[in-house]
Amino acid sequence: MPDLVTDNQFTVATFNLFNYLEPPNAYYEFQRIYSAEQWQKKQNWLIDYLQAYQPDIIGFQEVFSVESLKNLVASQGYRYFAVVDEAEVIEEFIYRSPVVAIASRLPIVEVVAVKPDLALAQAIGLSSTFSFSRKVLRATIDVPHLGNCDCYVVHFKSKRSILEHDENRNHSPEKNIIESLKAQVAGGWGASIQRGSEAALLMVEMITRRETSNNPMILLGDFNNNLADGVLNHLLTNALPFVSSIDRDTYLEKYCLNDAWDLFQAILSNETNNSNDENEISQEKINGRSPSHYYGATSAVLDYILLSSEFDASNQASLYQVSNYHTYDRHLINPIFARDGESTDHAIVMVTLTLRA
């Protein structure tokens, strides 16, 4: 397949693969093994998406079988692929702790696992052995007109409680319910502490890296949380109330991240204001932001792409702008078993970044 990257535009996607593990291995429990037919169906579903939408840079989550994924994306024209960790084998063929990965049509020039500042972690009350629940990958990619761009791929801690209560037969039904409730309350908050701490300590490392490299930044992945929630909203911090406005306005913008959706909405609003034709209003503007995950009767945006000022059209010095934002979710809202039976439980989010005129 030829290289599809154009000189004035590229696309970035975040893609939770949902238990990507080649048989005969099992994920988490011995009976969770794809049949050969199921595995091929999952592979074909992934290939169909890549051929239809052809993102130039993809951040993957829930990768167990690294070599299988590397070979698959290579067959679709992705010359560059990287991971910084491997899944854990807890028994002979049972795996847990999947990893993140990145595939790119653009050259990857450096790959590292981001490490948290442990002195800072202790200063905010965390353990001296704090670590990300999944290693964070930073790939420096050579992007046309920008040069080196730092792409971070994350899969933050889930909302699943970090504590569990094993039912005790010696307890009354009410006592077991009480103990389960206490474990859920405390363990759920523990998961939030971990997730929020991961985001904060990663943001600190991104700021430090930006200070020394001056590289543009892209953060993408499964955040397992809505950005508007106070647990993660410091990823979009853009105010320093006790700093001189002169210094703040001069330097702060360089170190801030922006939600790609917000940048896209700003572009649409500008286009709408400059157009007298209502038919030119994008369907994305009419429909609003689509959830990227559904659980029972609830839904939420959990998958995000955040961008530095080089992709913000309101910044006069920016080179690119977000010209499209796409949430691929037909397998979630209108699934067809023959097509989507082994797909994923997340939508795939992709943005198009176009060189400004």
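Two strands are taken to pair if DSSP finds at least two bridges between them. The exercises below concern a predicted model.

**Exercise 1. Determine how β2 is placed in its sheet, and which strand it pairs with.**

Solution.
- Step 1. The sheet is open, holds 3 strands in the order β2-β6-β5, and has mixed pairing.
- Step 2. β2 (26–27) and β5 (88–89) are the edge strands; each has a single partner strand, so one side of each lacks a neighbour in the sheet.
- Step 3. β2 is joined to strand β6 (residues 94–96) by 2 bridges, and the two strands run parallel. This count satisfies the criterion of at least two bridges.
- Step 4. Within this pairing, Tyr 27 lies opposite Tyr 95 in β6.

**Exercise 2. Describe the packing of helix α1 against helix α2.**

Solution.
- Step 1. Two packed helices are described by the angle between their axes and the distance between the axes.
- Step 2. The axes of α1 (residues 36–53) and α2 (residues 66–75) come within 11 Å and cross at roughly 40°.
- Step 3. Angles under 35 degrees would count as roughly parallel, and 65 to 115 as roughly perpendicular; α1 is therefore oblique to α2.
- Step 4. The crossing of α1 past α2 is right-handed.
- Step 5. On the α1 side the contact involves Trp 39, Gln 43, Leu 46, Ile 47 and Leu 50; on the α2 side it involves Ser 68, Leu 69, Leu 72 and Val 73.
- Step 6. By class, the residues of this contact comprise 7 nonpolar, 2 polar and no charged.

**Exercise 3. Trace the connections of β9 within the sheet of 6 strands, and decide whether β9 is largely enclosed or not.**

Solution.
- Step 1. The order of this open sheet is β8-β9-β10-β11-β15-β12, with mixed pairing. Its edges are β8 (108–114) and β12 (258–259), each with a single partner strand.
- Step 2. On one side, 6 bridges connect β8 to β9 in antiparallel fashion; Val 114 has Val 136 in β9 as its bridge partner.
- Step 3. On the other side, 7 bridges connect β9 (residues 136–143) to β10 (residues 147–155), again antiparallel. Here Thr 140 lies opposite Asp 150, and Leu 137 lies opposite Val 153.
- Step 4. β9 and β10 form a hairpin with 3 residues between them, and His 145 in the turn has a positive phi of about 75°.
- Step 5. Buried means under 20% relative accessible area. In β9, 7 of the 8 residues are buried, so this strand is largely enclosed by the rest of the structure.

Technical notes. Residues numbered from 1 in each chain as written. Predicted model: local features only at pLDDT ≥ 70, side-chain atom pairs only at ≥ 80, totals over all residues. Heavy atoms only, no water. Axes fitted to C-alpha atoms, helices over the stretch in contact; angles between N-to-C directions. Helix = DSSP H or I, 4+ residues; strand = E, 2+ residues; numbered from the N terminus. Parallel < 35°, antiparallel > 145°, perpendicular 65-115°, else oblique. Left-handed = near helix turned anticlockwise from the far one by under 90°. Contact = heavy atoms within 4.5 Å. Nonpolar A, V, L, I, M, F, W, Y, C, P; charged D, E, K, R; others polar. Buried < 20%, exposed > 50% of the residue type's maximum accessible area, 1.4 Å probe, protein only.
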